[in-house]
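Hi everyone, thanks for coming. Let me walk you through a structure that is new to most of you, so please have a look at the screen.

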Amino acid sequence: MPDTSSHSATTASIATATKVDCRNINVFYGDKQAIFDISMAIPGRSVTSFIGPSGCGKSTFLRCINRMNDTIENARVEGQVIIEGENVNTDAVDPVLLRSRVGMVFQKPNPFPKSIYDNVAYGPRIHGLARTREDMDAVVQNSLTRAGLWEEVKDRLGEPGTGLSGGQQQRLCIARAIAVSPEIILMDEPCSALDPIATAKIEELIDELRERFCIVIVTHSMQQAARVSQRTAFFHLGKLVEFGDTEQVFTNPTDDRTQDYITGRFG
Amino acid sequence: MTSHIVSAFSEELETLSADILRMGGVAETMINDACRALVAGNAILAEETALRDDEVDEMEADVERRIMRLLALRQPMASDLRAVVSALKVSSELERIGDLSKNIAKRVAPLDGTDVRGVLMSMERMGRGVSHQLHLVLDSYSDADAQLALKVWSGDEEIDQHYNSLFREVLTYMMQDPRMIGAGAHLMFIAKNLERIGDHCTNIAEIVHFQVTGTYLTSSARPKAPLLEG
């Protein structure tokens, strides 16, 4: 037989050390099981995307990483979520502190009804991350710059965050998330309420942020997953069907269900 | 495989592969007719064959236009992406085969009145071999048969050997009789064209193999006959 070479070799260099190690995660809403025994090692300093049809459990699984499911009554999460060697899915870990390490950006931009400045300064303030006004100014400027928003808002930091355009609001939420210097940023369909230009800006931003953060993004746009992520996980009916290098998943998926989903054969 | 939710997408993909096969059919006929015209010294058939190249060119342009549209509108993924990219690449290989067949046909007239019967018999055999390779590789494309593609891919060695022996034969004719040099040069090009068509068939085999399996065949691993020195 002749040699055959798969393209996985070209993407092997992407693999980085595991940041979040999820082990045997099961999630129940009351009697109904939403996630079935999922284990997944999410690499640091890269973007991992979760794809799958509505109701497949991808958002539920994402919310296990910063214990957002705790806020849902009768939701129960079993299994270990190990971040940097520590299981955070136990009562011993304060979810508020955890969420300063694991930031989150939601589908609909949700700035606080405060000024642009205060939206970004809120997290550092409650976590005591800035001692002086100058420190805080620096954190705000730095966060807004990294979120690609500084140039657009630097002359109106006192105006309400809700007065910005949708795309700007979403970048403000990203600035707010990174202001507390998290290690991990979770994004739950961050672009689904944005126009293509604002989407492109967010995607560009995600690509820059992955140098510093571990980013996990849930998206309904296959093209977006293919564009922004290095690793892709496909969920179906609460199970993890396939998890691999994005290039491989989109050009040559190993599971027929992944194949059918990404080529638009069921949904 | 089940159909797409958007049924028009499935139809577009099916039409695309049907058109590739139709294009391949024309290219195969061109090889056969060019060789027949050569052996029979049939100038009319040669001319008709050369003219069919325009048909192949138009088909390629049409396939390319539709693929551009399909990529823009459907953004195919996974096996669909491989199918679309394969169609694009196969169509350009077939277009080259059309060009080379046309070139063979155009050399029929200059050979008129020369006595090269012995070489023509060998040439016809090589032509049959090449056309058979194209036939098989088109079958592998239509049936998504990676094994058959692999067989075509390995079978090119025989074409290369055929080319080497023809090269030697024509060279001998030319050395024996300097008046044969003009005809000999044409025959050399014809043999080279057939050998090139064989290479395009192996390229198509590689494309089919990738389309079906998602893995690349590396050209360096393919068995090859050594190239003859002068």
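When I say two residues are in contact, I mean that they have heavy atoms within 4.5 Å. Keep in mind, too, that this is a predicted model.

How confident is the predictor in chain A? The mean pLDDT there is 91, and 94% of the residues reach 70 or more. Over residues 1-14 of chain A, though, the pLDDT is below 50. That stretch still has 28 contacts in the model beyond near neighbours in sequence.

Now to where the two chains meet. On the chain A side, 22 residues are in contact with 24 residues of chain B. Together the chains bury about 1800 Å² between them, and 57% of that is on carbon and sulfur atoms.

How many salt bridges are there between chain A and chain B? The count is one. Arg265(A) pairs with Asp80(B), and their closest N and O atoms are 3.2 Å apart. We also have eleven residue pairs in polar contact between the chains, both partners being at pLDDT 80 or more.

Which elements of chain A supply at least two residues each to the side that touches chain B? They include β1 (4-5) and three helices: α9 (222-228), α10 (246-251) and α11 (256-262). By type, that side of chain A has eight nonpolar, eleven polar and three charged residues.

Last stop: Ser143(A), in helix α5, residues 133-146. Is Ser143(A) buried or exposed? Ser143(A) counts as buried because its relative accessibility is 3%. Leaving aside residues up to four places away in sequence, Ser143(A) touches Val120(A), Ala175(A), Ile178(A) and Ala179(A).

Note on methods:
Residues are numbered from 1 along each chain as its sequence is written. Chains are lettered from A and ligands numbered from 1 in the order in which they are written. This is a predicted model: local features need pLDDT of at least 70, side-chain atom pairs count only at pLDDT 80 or more; totals for chains, interfaces and linings use all residues. Side-chain values use heavy atoms; hydrogens and water are left out. pLDDT is the predictor's confidence in each residue, from 0 to 100. Buried area is the accessible area (1.4 Å probe) that two parts lose on being put together, summed over both. A salt bridge is a side-chain nitrogen of Lys or Arg within 4 Å of a carboxyl oxygen of Asp or Glu. A polar contact is a pair of N or O atoms within 3.5 Å; within protein, one must be able to donate a hydrogen and the other to accept it, and residues adjacent in sequence count only if both atoms are side-chain atoms. Helices (H or I, at least four residues) and strands (E, at least two) are DSSP runs, numbered from the N terminus. Ala, Val, Leu, Ile, Met, Phe, Trp, Tyr, Cys and Pro count as nonpolar, Asp, Glu, Lys and Arg as charged, and the others, Gly among them, as polar. Buried means under 20% relative accessible area, exposed over 50%, partly exposed in between (1.4 Å probe, protein chains only).
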